[in-house]
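Hi,

Here is the structure I promised to pass on. Have a look at it first, and then read my notes below.

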Amino acid sequence: MQYYSTNRQVPPSTLRDAVFKGLADDGGLYMPERIPQLGSDFFTGLHKKTFREIAFEAAAALFGEDIAAAPLRHIIDDALNFDIPLVKVSSRIYSLELFHGPTMAFKDVGARFLARMMQYLTRNENAETNVLVATSGDTGSAVANGFLGVEGITVTVLYPKGLVSKIQEAQFTTLGQNIRALEVQGAFDDCQRLVKQAFLDKSLRAQRTLTSANSINLARFIPQAFYYFWGWAQMPKDSEIVACVPSGNFGNLTAGLLAQRMGLPLKHFIAANNVNDIFLKYLQTAKFSPRPSIPTIANAMDVGNPSNFARIMDLYGNDHAKAAAAISGYSYSDAQIRETVQRVFAEAHYLLDPHGACAYEALHEYLQNDKEAKGFFLETAHPAKFKETMDGIPGADVAIPGKLQAFMRGKKQTAIISNRYEDFKAFLLSS
Ligand SMILES: *Cc1c(COP(=O)(O)O)cnc(C)c1O
């Protein structure tokens, strides 16, 4: 399978090049040149299969030309080694809980798959692959934990010293093994600049194999399609089914659209936003106007220029009417998010995190106008990850799960560097 750039200014790439480049040379995002179709047989038997079997069959349709069945099955079983339960919240609303992985957020799915895909694609090469990540918090933990213990790959996480929450910091500084954390004396922008400069440094690249694990990487994006098949399979089949996704960069929602294109009979998609409602504005006005992001309590969705917009446009041939017919949008303020968390806990005894709360509310609102359908929303993080916010909501007490506590007990292992590129380069070359 070849992968083309959504900007179509460069020739298509192989799977290996697309995964290691991340972004195409013309600045576009990679898409598979063909979207494989899964027949009706596949869907009839779906509810009898496990999540990993379903994921393997969908992955084989997409990656089968490039990866043989046995190693692909191994990648899937190793990457997706946690449960994704579908929980009934109210008569027509279900929660697909994507937060049972190591960092308790859905990005574990994409990051773990990408790590094992990279390992497979470089299995015959001797050079160690260096993944460089700049983080202001969450990306670092998903990527570091995704690559933890994956042979042949070293991850260096750069983060601004003193500017990351304790629990986030613990999730990527206590791991050891092939994960190194660098505390940069500067801001997040300095971390990003250092990583960018390293990628542009020819003398460094002659000595080290560098790559990123960016959220737009196709091997992070595609595996997110698998759990839509699984979610649909668990739903009652007495009505049409819709899916609602709390969205920031829109990778998760776009993966759902891909699953639908592969044949999954989802009736409609709902994009839930916080007040960063650039996509909702696009649906309403046909104009895409990125703007600086506004901080909210659903902060993983604080995105002012959603990068996967290019993939959505590509799927709908840049046709606003088609996109707007397939996807509805809703947006909620922090006050509305808090109110939803409180109300749903009181009524259904289900504790939403702020991101899932946006999605629950959007699905609830959508279903008022579509009385026939039932839906599931993606619950993308465990509420304990946002303990400070949750503590401010009456009734929404949340205990820190053992998995998160274990990170806090780990020993912090970091090196401190200045914000000068020479120091970063010396660090990379010394190890
Ligand atoms: C990243 C993230 C999102 C947004 O996902 P996108 O694919 O960027 O739209 C939503 N919720 C949580 C908890 C996240 O970490």
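Before the sheets, one convention: two strands count as paired if DSSP finds at least two bridges between them. Keep in mind, too, that this is a predicted model.

With that convention, one open sheet has 6 strands in the order 3-4-12-9-10-11, and its pairing is mixed. Strand 3 (86-90) and strand 11 (327-331) sit at the edges with a single partner strand each, so one side of each has no neighbour in the sheet. From one strand to the next, the twist averages 25 degrees.

At the strand 11 end, strand 10 (residues 268-273) runs parallel to strand 11, and 5 bridges join the two. If you want a spot to zoom in on, Ala-272 stands opposite Tyr-330 in strand 11. Helix 13 (residues 278-285) lies across this pair, strand 10 and strand 11, and runs at about 130 degrees to strand 11.

Now the other sheet. This one is also open, with 5 strands in the order 8-5-6-7-13, but here the pairing is parallel. Its edge strands are strand 8 (209-211) and strand 13 (414-417), each of which pairs on one side only. Ignoring direction, neighbouring strands in this sheet are turned by 25 degrees against each other on average.

Strand 7 (residues 179-184) and strand 13 run parallel and are joined by 4 bridges. Within that pairing, look for Val-184, which stands opposite Ile-417 in strand 13.

Two helices are worth checking against this sheet. Helix 6 (residues 138-147) lies across strand 5 (129-134), strand 6 (153-160) and strand 7, at about 165 degrees to strand 6. Helix 8 (residues 188-200) lies across strand 5, strand 6, strand 7, strand 8 and strand 13, and it runs at about 150 degrees to strand 5.

And then there's the ligand. Which residues come closest to the ligand? There are 14 residues around the ligand, and the closest are Lys-107, Gly-248, Asn-249, Phe-250 and Thr-380. By type, the shell divides into 6 nonpolar, 7 polar and 1 charged.

Some polar contacts to look up while you're there:

- Phe-250 has a backbone N or O atom 2.8 Å from an oxygen atom of the ligand.
- Asn-252 places a polar backbone atom 3.0 Å from an oxygen atom of the ligand.
- Thr-380 uses its side chain instead: an N or O atom there is 2.8 Å from a nitrogen atom of the ligand.

As for how much of the ligand is covered, on its own the ligand has 380 Å² of accessible area, and the protein covers 95% of that.

Cheers

Methods: Residues numbered from 1 in each chain as written. Predicted model: local features only at pLDDT ≥ 70, side-chain atom pairs only at ≥ 80, totals over all residues. Heavy atoms only, no water. Near = heavy atom within 4 Å. Polar contact = N/O pair within 3.5 Å; in protein donor to acceptor, adjacent residues only side chain to side chain. Areas by Shrake-Rupley, 256 points an atom, 1.4 Å probe, with all protein chains shown as cover. Nonpolar A, V, L, I, M, F, W, Y, C, P; charged D, E, K, R; others polar. Axes fitted to C-alpha atoms, helices over the stretch in contact; angles between N-to-C directions. Contact = heavy atoms within 4.5 Å.
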